[in-house]
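Please take a moment with the sequence and the model below before reading on. The paragraphs that follow lead from the surroundings of the ligands to the metal sites and then to the backbone.

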Amino acid sequence: VLLRHDLHTALRDDQFELYYQPIVETANGRIRGLEALIRWHHPEQGMVSPGVFIPLAEQTGQIIPLGRWILRRVCQEAATMQAAGERVVPVAVNISSLQFRRAGFLEDVQQALSESGLPPALLELEVTESVLLDGAEQAIALINRLKAMGIKVALDDFGTGFSSLSYLRDLPIHKVKLDRAFIKDITTDRRDAAIVQGIIDMAHHLDLVVVAEGIEEREQQQDLIHRNCDLLQGFLFAKPMPQEAVMELPDLLP
Ligand code: G
Ligand code: G
Ligand code: MN
Ligand code: NA
């Protein structure tokens, strides 16, 4: 109840911060991208997880101004990082389905890009299958327009919820992110291994890039090298961290 009310003032009082987690090349740990993950420094409760306040913001409608703020801030910070260092990699932003499906979303993206000067090729949007909730046609049309602007779209949390194989066929995405639920036991559970291998092979035949999430152990990396997974993300390489910290990282993560 308190959190719900606090969300209103949090934006105004600048209590949000964006953390960034590297996404690396499977075989060698070279940083190939960053995912922006929001953090809320609550004045009394300390750090509140987005797993808690994003669903709340979706219920209250606050996700619209918050989502717009996130897009603008990520584009600004990504432009800053690009200008400051030699490393030029795309930055991915999680987009709530409510935000994605709302009129004006495309204009918000365009505005965030133009005011920051960030090249569209350095922005990626992560969406989940729930963007399809009220009509696949609209979602497909929107993703095609984003694609025409040079912005890539990834399908996040793939394999969980109600995600279906036909989404890989119908959505004009360029990347699929395998949920960490499949990765957790990949080295010991033949069923998980079979599903992951199947998704990787199918995605490659569809010309999609595959990212595995939640890599915590070296053995999982070894396994995914053999399975031909393109990119990895997880605590083994780096946790989400503030912009200043991520800028200090070397190009290759052990
Ligand atoms: O960073 P963490 O693992 O605590 O994130 C928990 C959940 O919150 C994940 O599902 C993640 O996708 C979501 N999340 C994190 N940052 C953002 C954001 O900026 N926007 C949206 N819509 N969701 C986010
Ligand atoms: O739903 P989405 O994939 O956007 O969520 C990303 C979330 O996963 C972030 O909140 C991030 O903190 C979390 N995460 C990233 N790497 C790992 C990991 O190796 N292990 C676990 N348990 N969580 C991770
Ligand atoms: Mn994500
Ligand atoms: Na995910």
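A residue is called near a molecule or strand here if one of its heavy atoms lies within 4 Å of it. This is a predicted model, in which local features need pLDDT of at least 70 and side-chain atom pairs count only at pLDDT 80 or more, while totals for chains, interfaces and linings use all residues. Residues are numbered from 1 along each chain as its sequence is written, chains are lettered from A and ligands numbered from 1 in the order in which they are written, and side-chain values use heavy atoms, with hydrogens and water left out.

We may begin with ligand 1, whose surroundings are formed by Leu37, Ile38, Arg39, Ser49, Pro50, Gly51, Ile54, Ile70, Asn94 and Ser96. Sorted by class, this shell holds five nonpolar, four polar and one charged residues, where Ala, Val, Leu, Ile, Met, Phe, Trp, Tyr, Cys and Pro count as nonpolar, Asp, Glu, Lys and Arg as charged, and the others, Gly among them, as polar. Strand 2 (31-42) and helix 2 (50-60) each give at least two residues to the shell around ligand 1; helices (H or I, at least four residues) and strands (E, at least two) are DSSP runs, numbered from the N terminus.

Which atoms make polar contacts with ligand 1? A polar contact is a pair of N or O atoms within 3.5 Å; within protein, one must be able to donate a hydrogen and the other to accept it, and residues adjacent in sequence count only if both atoms are side-chain atoms. A polar side-chain atom of Arg39 is 2.8 Å from an oxygen atom of ligand 1, a polar backbone atom of Ile38 is 3.1 Å from a nitrogen atom of the ligand, and a backbone N or O atom of Asn94 lies 3.3 Å from a nitrogen atom of ligand 1. Taken alone, ligand 1 exposes 500 Å², of which the protein buries 72%, with accessible areas coming from the Shrake-Rupley method with a 1.4 Å probe and, for residues, only the protein chains shown counting as cover.

Asn94 also leads us to ligand 2, since an N or O atom in the side chain of Asn94 is 3.2 Å from an oxygen atom of ligand 2. Ligand 2 is surrounded by 15 residues, the closest being Asp157, Arg180, Glu213, Glu216 and Phe235. Side-chain N or O atoms of two of these residues also approach oxygen atoms of ligand 2, at 3.0 Å for Arg180 and at 2.7 Å for Glu213. Taken alone, ligand 2 exposes 520 Å², and the protein buries 77% of that. By class, the shell around ligand 2 has four nonpolar, four polar and seven charged residues. Strand 2 supplies the largest share of this shell, namely three residues.

The metal sites come next, and for them donors are N, O and S atoms within 2.8 Å of the metal (3.2 Å for Na, K and Ca); water is not among the atoms, so sites may look incomplete. The manganese ion (ligand 3) is coordinated at 2.1 to 2.4 Å by Glu35 (OE), Asn94 (OD1), Glu126 (OE) and Asp156 (OD). Along the sequence, these donor residues are spaced E-x58-N-x31-E-x29-D. Because Glu35 lies in strand 2 and Asn94 in strand 4 (residues 91-94), this pair ties together parts that are 59 residues apart in sequence.

Which residue coordinates both the manganese ion (ligand 3) and the sodium ion (ligand 4)? It is Asp156, and the two ions are 4.6 Å apart. The protein donors of the sodium ion (ligand 4) lie 2.0 to 2.9 Å from it and are Asp156 (OD), Asp157 (OD) and, listed twice, Glu213 (OE). Their spacing along the chain is D-D-x55-E. Here, too, distant parts of the chain are linked, with Asp156 in strand 6 and Glu213 in strand 8 (residues 209-213), 57 residues apart.

Finally, the backbone deserves a look. Most residues other than glycine have a negative phi, and most peptide bonds are trans. Asp157, found in strand 6, has a positive phi near 55 degrees. Asp14 likewise has a positive phi, near 60 degrees, and is found in the loop between helix 1 (2-12) and strand 1 (16-25).
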